[in-house]
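Here are my notes on this one, in the order I'd go through it with the viewer open. Shout if anything looks off on your side.

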Amino acid sequence: PGPFLSVRDLSVEFSTEDGVVHAVDGLSFDVEKGTTLGIVGESGSGKSVTNLAILGLHDPAHTKIAGEIWLEDQELLSAGRGTMERLRGDRVAMIFQDPLTSLSPFHTIGRQIGEVYRKHKGASKKEARERAVEMLDRVGIPQPKTRVDHYPHEFSGGMRQRAMIAMALVCDPDLLIADEPTTALDVTVQAQILDLLKDLQQQFGTAIILITHDLGVVANTADNVLVMYAGRAAERGTVREVLREPRHPYTWGLLSSMPRLNAAVDEPLHPVRGTPPSLLTPPPGCPFHPRCDYPQLAGPELCFHQRPDISPESGHGDACYLTLQQKKDIRTAQIEEP
Ligand code: SF4
Ligand code: MG
């Protein structure tokens, strides 16, 4: 059997008042069952757009999508709206940064969790309520039998995120997409929520896509990493490979802006200069070239004019024209002389 989720040559463009935004451009990746893929990038790198496409939540009137997204033997981009509605919440679920935008203030937490269960599993009101209590208990909310009747505003930020996770997992989905799930929370609560996701994954074998701008979050939570830049894959590999032997100049920059890891591995401070490119007019050649220090070394005729592709085989790979030896030399110099 192939990977559980397989995204192939995905491109997403949407029309805005200012022109066409090339949000995702030729992206491919896989997620295996029971593993976590961390997708890392700055805002505007296409990571959220990619996942809205997986969920079928893009606005079809303004969006042009090409490529394929396979969830086992089901292709999602060609699936009808009805199919996607059945999949969402049942086989594929999501949690977002701010639970307040996804939880209704007008209904109790228990009712909202229960509704998802009733919709997909045809449960009775009573069964749905019992399931909601059970889920609140699983995500570590104390006194779930009382809490089930509370409204979102009666929960703290961390509790609301737990309730969101309970709602996302109520139907035992195969895939959970978590978009910046801890960004709005303080560091301690952040760590608790990430631990909770890991625990639940171990219990239920859920595959997780964790979207974040913070490589530190990925370091502790994910099995594999995909670094995105300007709608494209910059680097991909296991967490160990990408954090220990990062290959793409953009990944080097991301790593150096990770304070927690800096202390651990003496990561030199070489933050990425400049700002991400406009996706209305992406730069020709390597999209990272306006911010990169190495086009002269890699070959300006390549960097400025030809899009580097990540290798199609799986394993550690990156989209950069520098040779492996050149990358090693640069890294050695960076670490020795910060
Ligand atoms: Fe820099 Fe060239 Fe590599 Fe792009 S391909 S990251 S511009 S060296
Ligand atoms: Mg986002």
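1. How many of the 13 residues of helix 7 are buried? The count is 12 of 13, so call this helix mostly covered. Keep in mind that we're looking at a predicted model here. The buried set takes in Gly158, Met159, Arg160, Gln161, Arg162, Ala163, Met164, Ile165, Ala166, Met167, Ala168 and Leu169. Yes, the list includes Arg160 and Arg162.

2. The geometry of helix 7 (residues 157-169) checks out. With 13 residues at 1.5 Å a residue, the helix should span 18 Å, and its end C-alpha atoms are indeed 18 Å apart.

3. Ile165 is a handy residue to zoom in on within helix 7. Why does Ile165 count as buried? Because 25 other C-beta atoms lie within 10 Å, and the cut-off for buried is 20 or more. Setting aside neighbours within four places in sequence, Ile165 is in contact with Ile95, Val139 and Leu196. Arg236 is another matter: this residue is 71 residues from Ile165 along the chain, and their C-alpha atoms are separated by 27 Å.

4. Next, helix 5 (residues 125-138). The same ruler applies: 14 residues at 1.5 Å a residue should give a span of 20 Å, and the end C-alpha atoms sit 20 Å apart, which agrees. Buried here are Ala128, Arg129, Arg131, Ala132, Val133, Met135 and Leu136. Their cover includes helix 4 (109-121), helix 6 (144-147) and, once again, helix 7. Just after helix 5, look at Gly140, which has a positive phi of about 80°.

5. On to strand 7 (residues 175-179), which is largely enclosed by the rest of the structure because 5 of its 5 residues are buried. In a regular strand the side chains alternate between the two faces of the sheet. For strand 7, Leu175, Ile177 and Asp179 are on one side, Leu176 and Ala178 are on the other, and both sides are covered.

6. Strand 7 has parallel partners. Strand 6 (residues 92-95) runs parallel to strand 7 and is joined to it by 4 bridges, with Val92 opposite Leu175. Strand 8 (residues 207-212) is also parallel to strand 7, through 5 bridges, and there Leu175 stands opposite Ala207.

7. There's an antiparallel sheet to look at as well: 4 strands, open, in the order 2-1-4-5. Strand 2 (19-31) and strand 5 (74-75) are the edges, each pairing on one side only. Strand 5 is held to strand 4 (residues 63-71) by 2 antiparallel bridges, and Glu75 in strand 5 is the bridge partner of Trp70.

8. Domains: the assignment gives domain 1 as 5-91 + 173-336 and domain 2 as 100-172. Their contact takes 13 residues from domain 1 and 14 residues from domain 2. Helix 8 (residues 187-204) gives the most on the domain 1 side, with 6 residues. By class, that side has 10 nonpolar, 2 polar and 1 charged residues. The C-alpha centres of the two domains lie 30 Å apart.

9. Last stop, ligand 1. Which residues come nearest to it? Of the 13 around ligand 1, those are Cys286, Cys292, Ala298, Cys303 and Cys320. The shell divides into 12 nonpolar, 1 polar and no charged residues.

Terms used: Residues numbered from 1 in each chain as written. Chains lettered and ligands numbered in written order. Predicted model: local features only at pLDDT ≥ 70, side-chain atom pairs only at ≥ 80, totals over all residues. Pairing = 2+ DSSP bridges. Domains from an automatic or database assignment. Contact = placed C-beta atoms within 7 Å. Nonpolar A, V, L, I, M, F, W, Y, C, P; charged D, E, K, R; others polar. Near = placed C-beta within 6 Å. Expected span 1.5 Å × (residues − 1).
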